[in-house]
Amino acid sequence: MRAPRPAASAPAPAPAPARALSRRGVLTAVGALGLGGLLTACGSDGDSASDGGGATNSPTGGGTWRFKDDRGTTAEADRTPKRLVAFVGAAAALHDLGIECAGVFGPTKLQNGKPDPRAGGIDVDKVTILGNTYPQFNVERYAGLRPDLLIAQMTDPPALWYVPEESAEKVESLAPSVGILTTKSSLTHVIGRFADLAKSLGADLTADPVTSAEERFKSASATLRRAAGAARAKGRGGLKVMVVSASADVLYVAAPDAFTDLATTSRSASSS
């Protein structure tokens, strides 16, 4: 299985505005691919939040847990997974949905020890960090967590983002895994897939933090549409934004069509 190879010092660009919503979790997961404001149902772009390929499970009782991921693979366990390990962006998304991870990998702490924006609302001092940069992934520490489930985004299925190619087989032999595709789709669909997964793991999607985040997402979307409309009304031809991510010696510029949140933002702005 070929694993993606992000630059060790500068992962894929993440738009700064996306990081401001709901402790930056879901939208960071989606945009940065680690991937917000949580939107568990259809958004203003009219796309369904889920394709129906989610879970058959008993999150509060006995029975087999199953979840069909975006590789078309069904992860299974004889009980609902509790010890979760995820790429930090996916962990941030699940945190916003009420599901906590025991371990994370990917950009979690900055050099000064503060949380990386991709960590969203996660308390980075309370999770086990398996590796902060690519291709760091401490397999021994991962095994020591006795994981029930591994979760990561995907840009090029079936490879899981930030799982190093050289250790991918060993990593995936230790626990079932779930991959969520965060490209070639709408933002609301991707958020919906994380919601599907969170619900299968026992999350209450009607809880106030979740529904409040949904309202903030809708409000932020409406603000963006108004800003774009105002710019066009002034004869500027609309807003033009360049999204970048910088390392010590490289400046990365994001291609809007390659990032689900950027593509959705562009559509939202153009529809105002």
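This report describes the fold, core, surface and salt bridges of a predicted model.

**Overall make-up**

The protein chain has seven helices and 10 strands. It counts 272 residues, and 50% of them are buried. About 12,200 Å² of the protein chain is exposed, with 51% of that area supplied by carbon and sulfur atoms.

**The S2–S3 hairpin**

Strands S2 (residues 65-68) and S3 run antiparallel and are joined by four bridges. Together S2 and S3 form a hairpin, with five residues between them. Glycine 72 lies in the turn and has a positive phi of about 85°.

Side chains alternate along both strands. In S2, Trp65 and Phe67 point to one face and are buried. Arg66 and Lys68 point to the other face of S2 and are not buried. In S3 (residues 74-77), Ala75 and Ala77 share a face and are buried. Thr74 and Glu76 point to the other face of S3 and are not buried. Across the hairpin, phenylalanine 67 stands opposite alanine 75.

**Core and aromatic residues**

The largest nonpolar core holds 54 residues. Within this core, Trp65 and Phe105 touch the most other members. Helix H2 (residues 88-96) gives the core its largest share, six residues. Trp65 thus appears in two settings: in the core and on the buried face of S2.

The structure holds six aromatic pairs. One of them joins tryptophan 161 and tyrosine 162. This pair is tilted, at 5.9 Å centre to centre and with 50° between the planes. Tryptophan 161 and tyrosine 162 are both buried. They also belong to one aromatic cluster with Phe87, Phe105, Tyr134, Phe137 and Tyr142. Phe105 is therefore named both in this cluster and among the core residues with the most contacts.

**Salt bridges**

The count of salt bridges comes to 12. Three of them are listed here, with the closest N to O distance and the relative accessibility of each partner.

| Acidic residue | Basic residue | N to O distance |
|---|---|---|
| Aspartate 70, 22%, partly exposed | Arginine 193, 1%, buried | 2.9 Å |
| Aspartate 148, 13%, buried | Arginine 83, 27%, partly exposed | 3.3 Å |
| Aspartate 123, 37%, partly exposed | Lysine 126, 70%, exposed | 3.9 Å |

Arginine 193 and aspartate 70 meet in a salt bridge. This pair links distant parts of the chain, 123 residues apart. Arginine 193 sits in helix H5 (residues 187-200), while aspartate 70 is in the loop between S2 and S3. Arginine 193 counts as buried because its relative accessibility is 1%, under the 20% cut-off.

Aspartate 148 and arginine 83 also meet in a salt bridge. Here too the pair links distant parts of the chain, 65 residues apart. Aspartate 148 lies in the loop between helix H3 (139-144) and strand S7 (149-154). Arginine 83 lies in the loop between S3 and strand S4 (84-87).

Beyond these pairs, a network of salt bridges links Asp69, Arg71 and Glu172.

**A nonpolar surface patch**

Met242, Val244, Leu251 and Val253 form a nonpolar patch on the surface. Together they have about 380 Å² of accessible area. Methionine 242 is found in the loop between helix H6 (208-233) and strand S9 (244-246). Methionine 242 is exposed because its relative accessible area is 60%, over the 50% cut-off.

Terms used. Residues are numbered from 1 along each chain as its sequence is written. This is a predicted model: local features need pLDDT of at least 70, side-chain atom pairs count only at pLDDT 80 or more; totals for chains, interfaces and linings use all residues. Side-chain values use heavy atoms; hydrogens and water are left out. Buried means under 20% relative accessible area, exposed over 50%, partly exposed in between (1.4 Å probe, protein chains only). Two strands pair if DSSP finds at least two bridges between them. Rings of Phe, Tyr and Trp (its six-membered ring) pair if their centres lie within 6.5 Å; planes under 30 degrees apart count as stacked, over 60 as edge-to-face and the rest as tilted. A nonpolar core is a set of buried Ala, Val, Leu, Ile, Met, Phe, Trp, Tyr and Cys residues joined through side-chain atoms within 4.5 Å. Patches are made of residues with over 30% relative accessible area and no salt bridge: like charges are joined within 9 Å, nonpolar side chains (Val, Leu, Ile, Met, Phe, Trp, Tyr) within 5 Å. Accessible areas come from the Shrake-Rupley method with a 1.4 Å probe; for residues, only the protein chains shown count as cover. A salt bridge is a side-chain nitrogen of Lys or Arg within 4 Å of a carboxyl oxygen of Asp or Glu.
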